[in-house]
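Biologist: Before I trust any labels, I'd like to go through the reasoning behind them. Could you put the model up?

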Amino acid sequence: MTETLKAISDPVRRSILELLKEGRMSAGDIAQKFDLTNATVSYHLSQLKKADLIIVHKEKNFIYYELNLSVFEEILVWIHQLGGNVNEKN
């Protein structure tokens, strides 16, 4: 959970995740959306992968990224449990 929250705390990584909501993309396509070096985008992708927020697929000479939705579901469950039952507090 710590790696996940750390990963989504960065605005560039959140922007990458927003892009990937539309579907899987190659590293090159992602990099074109940002005014950053390819190395910087690669670093952000590696951090998202380390946090298990994205899934990597290799096809021939290309690497594709897509969201790992199961991790987002786990985060939502954790946040919901953290809040408890609001009706019990009243």
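Modeller: Let's start with charge pairs: the count comes to two salt bridges, where a salt bridge is a side-chain nitrogen of Lys or Arg within 4 Å of a carboxyl oxygen of Asp or Glu. This is a predicted model, so local features need pLDDT of at least 70 and side-chain atom pairs count only at pLDDT 80 or more, while totals for chains, interfaces and linings use all residues. Residues are numbered from 1 along each chain as its sequence is written, and side-chain values use heavy atoms, with hydrogens and water left out.

Biologist: What makes K21 and E18 a salt bridge?

Modeller: The closest N and O atoms of K21 and E18 are 3.2 Å apart, and the cut-off is 4 Å, so the pair qualifies.

Biologist: How do you know whether K21 and E18 are buried or exposed?

Modeller: By relative accessible area: buried is under 20%, exposed is over 50%, and partly exposed is in between (1.4 Å probe, protein chains only). K21 has 53%, so it is exposed. E18 has 47%, which makes it partly exposed.

Biologist: And what makes E59 and R24 a salt bridge?

Modeller: Their side chains meet at 2.8 Å, N to O, so they pass the 4 Å test too. E59 lies in strand β2 and R24 in the loop between α2 and β1, so this pair ties together parts that are 35 residues apart in sequence. E59, at 34%, is partly exposed, and R24, at 40%, is partly exposed as well. Helices and strands here are DSSP runs, numbered from the N terminus: H or I of at least four residues for a helix, E of at least two for a strand.

Biologist: Why does R13 have no salt bridge?

Modeller: The nearest side chain of opposite charge, D10, is 4.2 Å away, and the rule asks for within 4 Å, so R13 misses out. For charge, Lys and Arg count as positive and Asp and Glu as negative; His and the chain ends are not counted. R13 is buried all the same, and it sits in helix α2, residues 11-20.

Biologist: What does the side chain of R13 make a polar contact with?

Modeller: The side chain of H44, at 3.1 Å. A polar contact is a pair of N or O atoms within 3.5 Å; within protein, one must be able to donate a hydrogen and the other to accept it, and residues adjacent in sequence count only if both atoms are side-chain atoms. At 3.1 Å, R13 and H44 are inside that limit. Contact in general means heavy atoms within 4.5 Å. Leaving aside neighbours within four places in sequence, R13 has contacts that include Y43, Q47 and L48.

Biologist: What makes the sheet open, and which strands stand at the edges?

Modeller: Its three strands run in the order β1-β3-β2, with antiparallel pairing. β1 (25-26) and β2 (54-59) stand at the edges with a single partner strand each, so one side of each has no neighbour in the sheet.

Biologist: How do you know that β1 and β3 pair?

Modeller: Two strands pair if DSSP finds at least two bridges between them. β1 and β3 have two bridges, in the antiparallel sense, so they meet the rule. β2 and β3 (residues 62-67) pair over six bridges. As for partners, M25 stands opposite Y65, V56 has Y65 as its bridge partner, and H57 stands opposite Y64.

Biologist: Why is S26 called buried?

Modeller: S26 has 10% relative accessibility, so it falls under the 20% limit. This residue is in strand β1 and touches I63, Y64 and Y65, not counting residues up to four places away in sequence.

Biologist: What is worth noting about the phi of K60?

Modeller: Phi is about 55°, a positive value although K60 is not a glycine. Most residues other than glycine have a negative phi. K60 belongs to the hairpin of β2 and β3, which has two residues between the strands. At 85%, K60 is exposed. D52, in the loop between α4 and β2, also has a positive phi, near 65°.
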